[in-house]
Amino acid sequence: MRNIQKQANLSWVGLTRDSNEEEQETRRQAFSKKRGELPAISIQLVQASEEAMAQTQPAVHIVVGETYVVNEDIAVQDDELLLSDGEHVRVLSGDGQGKYLVETKDGESGWISQQHLRDERQSDAMKSREPPILSASSDTVSCRKGERACLRLSLTASPKVDIKWYLENEELVEGGRYCMSSEQNSAILEIASVTSDDNGVYKCVASNDLGLDACSISLEVQDVPGPPGPVQVCNIMAKSAQLNWAPPAYSGNVAISHFTVEKRVGGDSPGQWEEVSSCCRDTQKVVFQLDSGVKYQFRVCAVNVIGKGPPNVSPEIATRYRLPS
């Protein structure tokens, strides 16, 4: 059926060109063979094809001297010049009634209708129109607290698109710490002086008159960790006590490397904090060298590559009295 439709698109229009009889006969035989392959019903469709094409093809502004593309196989009457779909021809003149004298690259010429020509530049422009497509080279972008974050997505679209950014489904407004831009192949969101509040999933929505697309990317702000879980004191003896705690709920988006442990004498006049351990890699610690019958407090901090986070301080406890021997 596809072959029938393509053959049915052959049209007959006027031709004037000089050629020797042998070339004319060769072309006549080639065209006759091409026509002979058609069933009888397809021959009846030939004249109707021009009318259908005139209704479906947009009008092309023809300029004499310019080159255009033939948009289907055409048989020109008289000398039976065959023009192929996609062949380039140059317009030599027009009759003012929609007929144009065209010349092939081989120097052959003939009169054809305007609807058989298309402007390749306009065709390319139409082909280049496409809805936006967004993509991310990475699911997550990381940067340190206080730095400028840059969220960049790949973008293909034509014509120009409208870009919107969202954080947790709340639209972001240009200005302040937010700078939004779109380059030839990118949609970009920049955030100045990021903090832990900027952590989250950002969604970009790009749209034009042909459609829309959305893509998400996560921002992880690297910061010092939060405080560890509550510090519990147990196994309290006269000279020692055991501390237990949980890792911080917020790691700062960087792995916790270790903890620091400190102690101080409590009471009405608390003393200065003294280091017990500067690099405790567990979430428990037995503290020795305590004095009996004395009140103490302990504090623990989590540490990552960015730095040391805030402490969690234990309740005040008192060591046992040691009975004289």
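**Exercise 1. Contacts along the chain**

Task: Among contacts in the protein chain between residues at least 6 apart in sequence, find what percentage joins residues at least 24 apart.

Solution: Start with the term: a contact means heavy atoms within 4.5 Å. With that rule, 62% of the contacts between residues at least 6 apart join residues at least 24 apart. Keep in mind that this is a predicted model, where local features need pLDDT of at least 70, side-chain atom pairs count only at pLDDT 80 or more, and totals for chains, interfaces and linings use all residues. Residues are numbered from 1 along each chain as its sequence is written, and side-chain values use heavy atoms, with hydrogens and water left out.

**Exercise 2. Y100 and its surroundings**

Task: Decide whether Y100 is buried or exposed, and list which residues it touches.

Solution: First, place the residue: Y100 lies in strand β5, residues 99-103. Strands (E, at least two residues) and helices (H or I, at least four) are DSSP runs, numbered from the N terminus. Next, apply the cut-offs: buried means under 20% relative accessible area, exposed over 50%, and partly exposed in between, with a 1.4 Å probe and protein chains only. Y100 has 15% relative accessibility, so Y100 counts as buried. Finally, leaving out residues up to four places away in sequence, Y100 touches I62, V91, S93, G94, G110, W111, I112 and Q114. For Q114, the C-alpha to C-alpha distance to Y100 is 6.8 Å, with their places 14 residues apart in sequence.

**Exercise 3. The largest nonpolar core**

Task: Find how many residues the largest nonpolar core has and which strands each supply at least two of them.

Solution: A nonpolar core is a set of buried Ala, Val, Leu, Ile, Met, Phe, Trp, Tyr and Cys residues joined through side-chain atoms within 4.5 Å. The largest one has 23 residues, and L189 and W165 are among those with the most contacts inside it. The strands that each supply at least two of its residues are β10 (149-158), β11, β14 (186-191), β15 (200-208) and β16 (211-222). A second, separate core has 15 residues, including V233 and F298.

**Exercise 4. An open sheet**

Task: Work out which strands stand at the edges of the open sheet of five strands.

Solution: Two strands pair if DSSP finds at least two bridges between them. The order is β9-β16-β15-β11-β12, with mixed pairing. β9 (140-144) and β12 each have a single partner strand, so one side of each is left without a neighbour in the sheet. Looking at one pairing, β9 and β16 run in the parallel sense over five bridges, and R144 has Q222 in β16 as its bridge partner.

**Exercise 5. Aromatic pairs**

Task: Classify the pair W245 and F259, then the pair Y296 and F298.

Solution: Rings of Phe, Tyr and Trp (its six-membered ring) pair if their centres lie within 6.5 Å; planes under 30 degrees apart count as stacked, over 60 as edge-to-face and the rest as tilted. By this rule there are two aromatic pairs. W245 and F259 are 5.6 Å apart centre to centre with 70° between the planes, which is edge-to-face. W245 lies in the loop between β18 and β19 (258-265) and F259 in strand β19, so the pair ties together parts 14 residues apart in sequence. The centres of Y296 and F298 are 6.3 Å apart and their planes are at 20°, so this pair is stacked. Last step, check burial: Y296 counts as buried at 4% relative accessibility, and F298 is buried at 0%.
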